[in-house]
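Please open the model in your viewer, with residue labels within reach, and follow the stops below in order. Each stop says what to select and what is to be found there.

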Amino acid sequence: MAKYLLLKHYRGAPAPVNNVPMDQWTPEEISAHIQYMNDFAARLEKSGEFVDGQALAPEGSWVRYDGEGRPPVTDGPFAETKDLIAGWMVIDVDSHERAVELAGELSAAPGAGGRPIHEWLELRPFLAAPPTITE
């Protein structure tokens, strides 16, 4: 099994087919989108392929250690990702092909008018430990 991160973007990826920003959706359209995501996750829980997933708020801050006895530095400069990442899901699947299949299905979540968004999702494998070499 291999773990993959599916990243949903607010912006920055190529435009989805149904390119209506979520802040312009009706409450019913938002509910249908969230229900699709929950149903998708529940199905993957049953198959043992779901690990976790969360939606992210657009606000946030950067924090950096700035030396002994100095307070952490927070806020700015902001990386582009602060404004881009809308949420994530971690899956644990048997192959890259299965990860691509599930990402494609997830990209079809409904949006404005109940039509599938067909949004682009970033699919990233977890970094695996290098094989141990013994002599």
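Select Glu49 to begin: at 9% relative accessibility it counts as buried, where buried means under 20% relative accessible area, exposed over 50% and partly exposed in between, with a 1.4 Å probe and protein chains only. This is a predicted model, in which local features need pLDDT of at least 70 and side-chain atom pairs count only at pLDDT 80 or more, while totals for chains, interfaces and linings use all residues. Residues are numbered from 1 along each chain as its sequence is written, and side-chain values use heavy atoms, with hydrogens and water left out.

Glu49 sits in the loop between helix 1 and strand 2 (50–55); helices (H or I, at least four residues) and strands (E, at least two) are DSSP runs, numbered from the N terminus. Show side chains here, and you will find that of Glu49 in a polar contact with the side chain of Ser47, at 2.8 Å. A polar contact is a pair of N or O atoms within 3.5 Å; within protein, one must be able to donate a hydrogen and the other to accept it, and residues adjacent in sequence count only if both atoms are side-chain atoms. Not counting residues up to four places away in sequence, Glu49 touches Leu44, Val90, Ile91, Asp92, Val93, Arg98 and Leu102, contact meaning heavy atoms within 4.5 Å.

**Strand 5 and its partners**

Next, select strand 5 (85–93). Eight of its nine residues are buried, so strand 5 is largely enclosed by the rest of the structure. Strand 1 and strand 5 run antiparallel and are joined by eight bridges, and two strands are said to pair if DSSP finds at least two bridges between them. Within this pairing, Tyr4 stands opposite Ile91 in strand 5. Strand 2 is also antiparallel to strand 5, with five bridges joining them, and here Gln54 has Trp88 of strand 5 as its bridge partner.

Which residue lies 4.9 Å from Gly87, C-alpha to C-alpha? Leu56 does, although the two are 31 residues apart along the chain. Leu56 belongs to the loop between strand 2 and strand 3 (63–64), and at 34% relative accessibility it counts as partly exposed.

**The nonpolar core and helix 3**

Now select Leu44, Met89, Ile91 and Leu106, which touch the most other members of the largest nonpolar core, a group of 16 residues. Strand 1 (2–9), helix 1 (27–47), strand 5 and helix 3 each supply at least two residues of this core. Such a core is a set of buried Ala, Val, Leu, Ile, Met, Phe, Trp, Tyr and Cys residues joined through side-chain atoms within 4.5 Å.

Keep Leu106 selected and show what surrounds it: leaving aside neighbours within four places in sequence, Leu106 is in contact with Leu6, Tyr36, Met37, Phe40, Met89, Glu119 and Leu121. Then add Ala99, Leu102 and Ala103, which together with Leu106 are buried in helix 3. These residues cover an arc of only 100 degrees around the axis, which puts them on the same side of helix 3; the arc is that of the directions from the helix axis to the C-beta atoms. The buried residues of helix 3 pack against strand 1, helix 1, strand 5 and strand 6.

**The loops around Asn18 and His118**

Move to Asn18, in the loop between strand 1 and helix 1, which counts as buried at 6% relative accessibility. A polar atom of the Asn18 side chain lies 2.9 Å from the backbone oxygen of Ala112. Apart from neighbours within four places in sequence, Asn18 is in contact with Gly111, Ala112, Arg115, Pro116 and Ile117.

From Ala112, measure to Glu28: their C-alpha atoms are separated by 9.5 Å, with the two positions 84 residues apart along the chain. Glu28 lies in helix 1 and counts as exposed at 58% relative accessibility.

Select His118 last, in the loop between helix 3 (96–106) and strand 6 (121–125). Its phi is near 55 degrees, a positive value in a residue other than glycine. Most residues other than glycine have a negative phi. At 39% relative accessibility, His118 counts as partly exposed.

**Stepping back**

Finally, show the whole protein, whose secondary structure comes to three helices and six strands, running β-α-β-β-β-α-β-α-β from the N terminus on. Of its 135 residues, 27% count as buried.
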